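Hi everyone, thanks for making time for this. I'd like to walk you through one structure today, so please pull it up and rotate it along with me.

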There are 4 protein chains.
Amino acid sequence: MLIVMDKKAKQAEIDTVVAAIKQKGYTARPIPGGERVSIGILNNKGHVDGGPFLSLPGVKDAIPVTRPYKLVSREFKPEDTIIKIDDISIGKGSLTIIAGPCAIESELQALTIAEHVRSSGAQLFRGGAFKPRTSPYSFQGLGEEGLKILSKVREKTGMPVVTEVMDYETFDLVEEYTDVIQIGTRNMQNFSLLRRAGRASKPVLLKRGMAATIDEWLMAAEYILEVGNSQVILCERGVRTFAHHSRNTLDLSAVPVVLKESHLPIIIDPSHAAGRRDQVIPLSRASVAVGAHGLMVEVHHAPEEALSDGAQSLYPDQFKKMCRQVRWIYDDLNRHNSLG
Amino acid sequence: MLIVMDKKAKQAEIDTVVAAIKQKGYTARPIPGGERVSIGILNNKGHVDGGPFLSLPGVKDAIPVTRPYKLVSREFKPEDTIIKIDDISIGKGSLTIIAGPCAIESELQALTIAEHVRSSGAQLFRGGAFKPRTSPYSFQGLGEEGLKILSKVREKTGMPVVTEVMDYETFDLVEEYTDVIQIGTRNMQNFSLLRRAGRASKPVLLKRGMAATIDEWLMAAEYILEVGNSQVILCERGVRTFAHHSRNTLDLSAVPVVLKESHLPIIIDPSHAAGRRDQVIPLSRASVAVGAHGLMVEVHHAPEEALSDGAQSLYPDQFKKMCRQVRWIYDDLNRHNSLG
Amino acid sequence: MLIVMDKKAKQAEIDTVVAAIKQKGYTARPIPGGERVSIGILNNKGHVDGGPFLSLPGVKDAIPVTRPYKLVSREFKPEDTIIKIDDISIGKGSLTIIAGPCAIESELQALTIAEHVRSSGAQLFRGGAFKPRTSPYSFQGLGEEGLKILSKVREKTGMPVVTEVMDYETFDLVEEYTDVIQIGTRNMQNFSLLRRAGRASKPVLLKRGMAATIDEWLMAAEYILEVGNSQVILCERGVRTFAHHSRNTLDLSAVPVVLKESHLPIIIDPSHAAGRRDQVIPLSRASVAVGAHGLMVEVHHAPEEALSDGAQSLYPDQFKKMCRQVRWIYDDLNRHNSLG
Amino acid sequence: MLIVMDKKAKQAEIDTVVAAIKQKGYTARPIPGGERVSIGILNNKGHVDGGPFLSLPGVKDAIPVTRPYKLVSREFKPEDTIIKIDDISIGKGSLTIIAGPCAIESELQALTIAEHVRSSGAQLFRGGAFKPRTSPYSFQGLGEEGLKILSKVREKTGMPVVTEVMDYETFDLVEEYTDVIQIGTRNMQNFSLLRRAGRASKPVLLKRGMAATIDEWLMAAEYILEVGNSQVILCERGVRTFAHHSRNTLDLSAVPVVLKESHLPIIIDPSHAAGRRDQVIPLSRASVAVGAHGLMVEVHHAPEEALSDGAQSLYPDQFKKMCRQVRWIYDDLNRHNSLG
């Protein structure tokens with residue numbers, strides 16, 4: 001933290017800031033400049049809140065200097081975290097594809113889609129049993145029945161499954177049935193849910209909030225790691241901007257930043273970013289090319305009949321094409337050691 | 001919903017869309033245009049999902065025409081909802097001021113601030129017992145002890161209290177102690193929490209999500225009303241934009257829009273919007289002038305020692321000045337029937 | 001500028017940064033911290049570009065500390081700039097209202113509207129002769145004929161006029177006819193135009209770019225002052241965000257920030273912010289309440305026939321009502337010395 | 001255009017809207033719905049402005065249905081535009097790389113960098129002679145001397161050159177020296193400049209405005225085509241969002257949208273999007289994978305001494321690596337006909 005003083009700040013005001021810093025147990029280091037004085041705060045153990053200093057007379061600004069997260073940072077743990085689910089690895093050195101419908105609608109639907117995506121190259125199956133919906137009048141998912149169908153899919157296809165948990169109350173239930181617990185974009189800062197996820201025995205797939213900075217996203221992951229679960233997969237899914245040709249704006253620059261700042265794996269969900277099927281394949285290619293460790297994609301064999309998000313679901317044939325294309329890119333880059 | 005066809009769409013493609021609309025039980029009305037055909041969807045009872053139609057060949061766009069919410073809309077209930085808490089009214093015809101510290105830190109702190117804000121003109125006291133914090137290492141609130149202090153404040157000052165509920169698990173506890181249950185910006189789309197709030201016996205203050213559209217915000221309120229609680233106060237607190245001179249960008253145009261679309265009261269939180277004390281008084285004046293029904297403002301007698309958000313808390317003297325100024329504006333406009 | 005080193009930066013890397021700073025003629029002041037070293041850059045005369053330092057090994061970040069503008073800053077000129085046009089003052093101590101149609105369409109239209117707005121309390125008349133339009137197929141303004149009509153309006157009503165200049169080529173012409181030269185949001189960083197405006201003999205009304213930070217806006221004004229014209233009026237007109245219930249999101253927090261940082265007057269254009277008539281009166285009240293020095297509002301006596309932006313133009317009766325309401329607010333606040 | 005009426009709109013109000021539509025020479029087609037009436041506007045020749053209708057009583061909304069641009073649209077010209085510069089093609093079927101320093105600083109600097117980028121695989125050389133700078137105190141480019149250096153580069157290396165034109169006054173000069181005329185992000189809606197570019201004899205590279213929608217961007221291109229120059233290359237360079245880990249947020253979903261809507265070539269500038277060197281290579285890979293026709297990248301042999309934007313410039317070795325990686329991706333996708 002750097003405290004920047006007004007140009008006309010008096011010595012007494014500077015002294016007050018220095019005293020306030022010391023009183024909190026930190027070290028204050030005034031830096032007299034040509035135009036104004038700044039004061040560095042040193043020897044703080046954790047995050048320093050600039051607020052109290054901004055309140056003091058003569059203070060113009062309080063500028064944070066260090067990153068606020070710890071356990072998720074590469075400075076804390078330099079080697080990449082690899083998450084193992086059965087014989088599948090998620091993280092550096094692999095390209096993992098998760099696919100399936102937005103929502104589980106029936107056993108027949110789930111199994112039909114699962115067979116399609118497995119044969120095209122997906123390693124995990126996704127499908128919502130509990131669905132967060134903007135409207136209370138929209139289809140909310142099959143609940144436990146959906147979870148049971150997911151179990152059947154795993155049994156019959158051998159694919160581990162990913163499904164979203166929406167609240168504390170149903171967490172035990174979801175944890176029992178699924179292989180990877182998804183926390184959705186609207187819950188990225190549902191801190192009670194994050195803490196519960198920290199006690200889970202399964203990996204957590206944490207989506208970025210639709211207006212979250214990378215720091216906030218990593219801090220949300222920090223909540224999970226801090227409680228004790230270090231199996232966290234980050235998932236970028238687009239952020240909200242003024243642009244409306246896609247539902248959200250996919251922020252692929254998040255990938256190199258996360259790869260640099262954190263040891264956690266990062267995958268991309270191009271389906272929710274785009275919101276329209278015709279952008280999904282190009283964005284999938286871009287996601288792999290930028291260096292993401294995997295993709296989570298919506299696929300439906302009859303999207304025009306889907307109970308939710310049909311417009312963004314790929315047809316099975318399109319998914320097959322997508323898998324082929326992203327493998328070319330990944331294999332090429334990986335062969336030449338050109339990723340992350 | 002209006003389905004817009006490609007310029008070159010064939011008649012067979014148009015027929016398929018018409019058939020798909022009818023199959024869902026709606027009425028299809030093709031509108032042949034100079035350049036292209038559009039197809040209106042009529043006689044739908046609730047929200048129509050454009051997705052399935054976007055999937056059909058020859059379809060270029062699916063444009064929603066009607067609003068997705070119902071119970072919160074003025075079309076459904078034209079007269080304004082007025083919320084009563086003891087002898088205080090929130091809604092059209094009143095200017096209600098809620099004030100207090102960001103977090104309850106001690107009985108002494110809470111009572112000191114409560115006396116200050118009551119004597120300056122606040123009608124309700126606010127203070128967090130459970131605090132949502134970006135970092136797991138920041139002060140998380142006093143929990144139940146904080147709630148007990150809030151009870152003491154009410155007992156000693158006669159002011160009803162407002163405090164935030166963060167999760168389902170502590171909802172009963174918060175509901176027992178508080179007069180108004182606040183749902184924070186990060187939980188605006190925590191649908192389990194919204195449903196629980198729908199069963200609450202107390203009014204709910206629902207903050208706008210930091211990247212929520214007004215439609216999404218009203219839909220979140222619809223969740224609460226749909227379950228059975230129609231005592232909802234909306235609270236605008238700034239949205240996230242590229243601008244960084246304030247923590248968030250206060251969106252005051254939300255007020256006339258909400259006043260037109262909904263019968264629910266709307267208040268403004270200028271403190272979280274600004275994030276810096278020196279913007280709070282001007283923004284409070286603007287909030288009252290734009291037509292909001294009230295303000296929720298952070299006040300601290302010693303902000304430089306506050307455990308959270310000190311930088312945005314007004315000093316008691318500043319709060320007094322603010323109350324005076326906003327009363328002038330409100331009284332003037334109200335006297336001339338120039339609001340809402 | 002503060003250069004933040006990696007935690008693991010070696011002494012040689014720190015030395016290199018120090019040498020690079022000195023080579024540019026600045027003073028380097030290393031600040032050893034608990035976790036990492038930062039290096040302050042002192043004695044720079046103007047803006048320091050962080051780029052070259054970010055390129056050096058071991059450097060994590062380069063954080064600007066001081067403001068980049070000078071002539072527009074209150075640190076440079078503490079007293080408020082008041083702009084005089086005939087006997088009208090724009091700036092601290094006055095509330096100035098500029099009104100008129102989006103575009104000049106005919107002499108009859110201009111004079112009709114001018115009479116309306118003058119009698120309701122507008123001091124200056126606005127109207128576009130050269131119109132920047134998103135589409136080349138939209139009405140582009142009457143050009144010089146429009147300027148001549150503006151002259152007639154001034155002659156007949158005594159009101160000074162404001163009109164937009166779109167380019168260097170027509171600058172002389174516009175300057176000859178108008179009293180205040182408006183530079184539009186799309187030209188805020190048209191630096192050739194800004195430099196030409198710096199040589200103008202008339203005051204310049206500089207609109208904020210639709211995605212400009214306040215720093216960038218003040219830097220654009222700095223271009224004008226730097227060349228020699230210190231008569232600049234800033235005009236906030238909404239910024240582009242994800243929100244779509246208004247055309248732009250009016251950023252009223254810009255007012256206290258500009259009042260603090262700069263000595264220049266600042267006014268608000270609620271019409272272009274809202275884009276819809278029904279938000280204009282509430283936003284005008286808010287603009288005056290927040291402390292702006294004036295308003296620029298679109299008025300049309302027959303908006304449904306307007307050639308541009310009819311949807312946001314007030315009817316004359318609405319404008320009259322607006323003037324009354326904002327005067328109450330301004331007079332109240334001004335009487336008690338409660339502004340800026 | 002679809003006019004949506006209030007639920008409670010009276011027949012007389014509907015009739016008024018119908019009459020207003022007819023008066024403008026369009027056809028009105030009322031669409032009675034279950035809840036409300038909508039009215040389609042047909043047989044309009046160009047863009048319909050919704051404003052006048054929004055002004056009528058009983059009207060709730062005016063929703064544009066068709067795209068506003070024409071000459072740039074694929075509906076108008078289905079086949080892809082390929083731009084030829086000497087023996088280089090820009091557009092479908094090629095991957096074109098433009099590289100060079102942000103600003104031309106000296107002949108030695110330009111030639112040194114040009115040799116580097118040519119040998120690594122760049123086909124065109126870029127370098128600014130006139131530089132738009134946020135601050136009037138920053139280096140503004142060498143002007144005509146810079147243009148002369150660009151000529152030397154072309155002469156000695158055989159590479160065509162790209163440079164930015166900032167204003168009408170220097171347009172002739174820039175047009176004389178350069179092979180491709182760049183219009184920068186701040187000038188995307190400088191309509192006088194666009195019109196001048198429409199009369200140019202050389203191809204124009206049009207950058208997307210930092211807060212421009214795709215429709216606005218294509219409309220800006222429409223200005224150029226409408227005057228007579230159909231040689232336009234679109235360049236996405238990131239948009240302004242709340243996210244600050246990169247200077248702008250690169251919006252790669254713009255590529256599939258532009259490829260679908262327009263016949264014009266589209267390239268990506270990852271350097272200005274990122275603002276930091278370490279994101280440039282990953283974003284370049286993503287840009288090619290998403291289907292862009294080319295890249296424009298900043299390269300400097302000594303970025304720590306660059307007079308502008310050094311922090312985002314690649315070292316020559318990094319550029320070489322980048323070229324290799326994007327070629328693998330492009331060749332793979334192209335070999336399998338998997339682009340566009």
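I'll start with one chain, then turn to how two copies meet, and end with some local details.

One thing up front: this is a predicted model. Every number I mention is computed from it.

Let's take chain A as a whole. Its C-alpha trace spans about 75 × 45 × 40 Å along the principal axes. You'll find 11 helices and 14 strands in chain A. It has 340 residues, and 62% of them count as buried. If you look at contacts in chain A between residues at least 6 apart in sequence, 65% join residues at least 24 apart.

Chain A is also split into two assigned domains: domain 1 covers 2-63, and domain 2 covers 83-335. Taken over C-alpha atoms, the centres of domain 1 and domain 2 of chain A are separated by 44 Å.

Now, how do chains A and B relate? In general, two copies of a chain are related by a rotation about an axis and a shift along it. Here, chain A superposes on chain B after a rotation of 180 degrees, with 0.0 Å of shift along the axis and an RMSD of 0.1 Å. That is the relation of a two-fold axis. Which residue of chain A comes closest to the rotation axis? It's Ala211(A), whose C-alpha is at 3.0 Å.

What about the contact itself? Chain A contributes 41 residues and chain B contributes 41 residues. On the side of chain A that touches chain B, the elements giving two or more residues are helix H2 (51-54), helix H6 (191-198) and helix H7 (214-227). H7(A) gives the most to that side, with five residues. By character, the residues on this side of chain A divide into 18 nonpolar, 13 polar and 10 charged. And 100% of the interface residues of chain A are also interface residues in chain B, so the copies meet through the same surface.

Let's move to chain D and look at some strands. Strand S9 (residues 161-164) of chain D and S10(D) run parallel and are joined by three bridges. Within that pairing, Val162(D) has Val180(D) as its bridge partner in S10(D). S9(D), helix H5 (residues 171-177) of chain D and S10(D) together form a right-handed β-α-β unit.

Carry on along the chain and you meet another such unit, also right-handed, made of S10(D), helix H6 (residues 191-198) of chain D and strand S11(D). S10(D) and S11 (residues 204-207) of chain D run parallel, with three bridges joining them. Here the bridge partner of Ile181(D) in S11(D) is Val204(D).

Which way do the side chains of S10(D) go? Val180(D) and Gln182(D) point one way, Ile181(D) and Ile183(D) the other way, and all are buried.

While we're in chain D, have a look at helix H10 (residues 280-290), where 11 of the 11 residues are buried. The buried residues include Ser284(D), Arg285(D) and Ser287(D), along with Val280(D), Ile281(D) and Leu283(D). Just after H10(D), Gly291(D) takes a positive phi of about 115 degrees.

Over in chain C, let's zoom in on Ala220(C), which is found in helix H7 (residues 214-227) of that chain. Is Ala220(C) buried or exposed? It counts as buried because it has 30 C-beta neighbours inside 10 Å, and the cut-off for buried is 20 or more. Leaving aside residues up to four places away in sequence, Ala220(C) touches Met188(C), Gln189(C), Leu194(C) and Leu206(C). Lys156(C), on the other hand, is 64 residues from Ala220(C) in sequence and 35 Å from it in space, C-alpha to C-alpha.

Last stop: backbone angles in chain A. Asp86(A) is not a glycine, although it has a positive phi of about 50 degrees. You'll see Asp86(A) in the loop between strand S5 (83-85) and strand S6 (88-90) of chain A. Asp86(A) is exposed, with 12 other C-beta atoms within 10 Å.

Asn337(A) is not a glycine either, and its phi is positive at about 55 degrees. Asn337(A) lies in the segment after helix H11 (316-335) of chain A. With 7 other C-beta atoms within 10 Å, Asn337(A) is exposed.

That's my tour. Thanks for listening, and I'm happy to take questions.

Note on methods
Residues are numbered from 1 along each chain as its sequence is written. Chains are lettered from A and ligands numbered from 1 in the order in which they are written. This is a predicted model: local features need pLDDT of at least 70, side-chain atom pairs count only at pLDDT 80 or more; totals for chains, interfaces and linings use all residues. Copies are superposed by least squares on the C-alpha atoms of residues with pLDDT of at least 70 in both. Two residues are in contact if their C-beta atoms, placed from the backbone, lie within 7 Å. Helices (H or I, at least four residues) and strands (E, at least two) are DSSP runs, numbered from the N terminus. Ala, Val, Leu, Ile, Met, Phe, Trp, Tyr, Cys and Pro count as nonpolar, Asp, Glu, Lys and Arg as charged, and the others, Gly among them, as polar. Two strands pair if DSSP finds at least two bridges between them. A crossover is right-handed if, with the strands pointing away from the viewer, the path from the first strand over the helix to the second runs clockwise. Domain bounds come from an automatic or database domain assignment.
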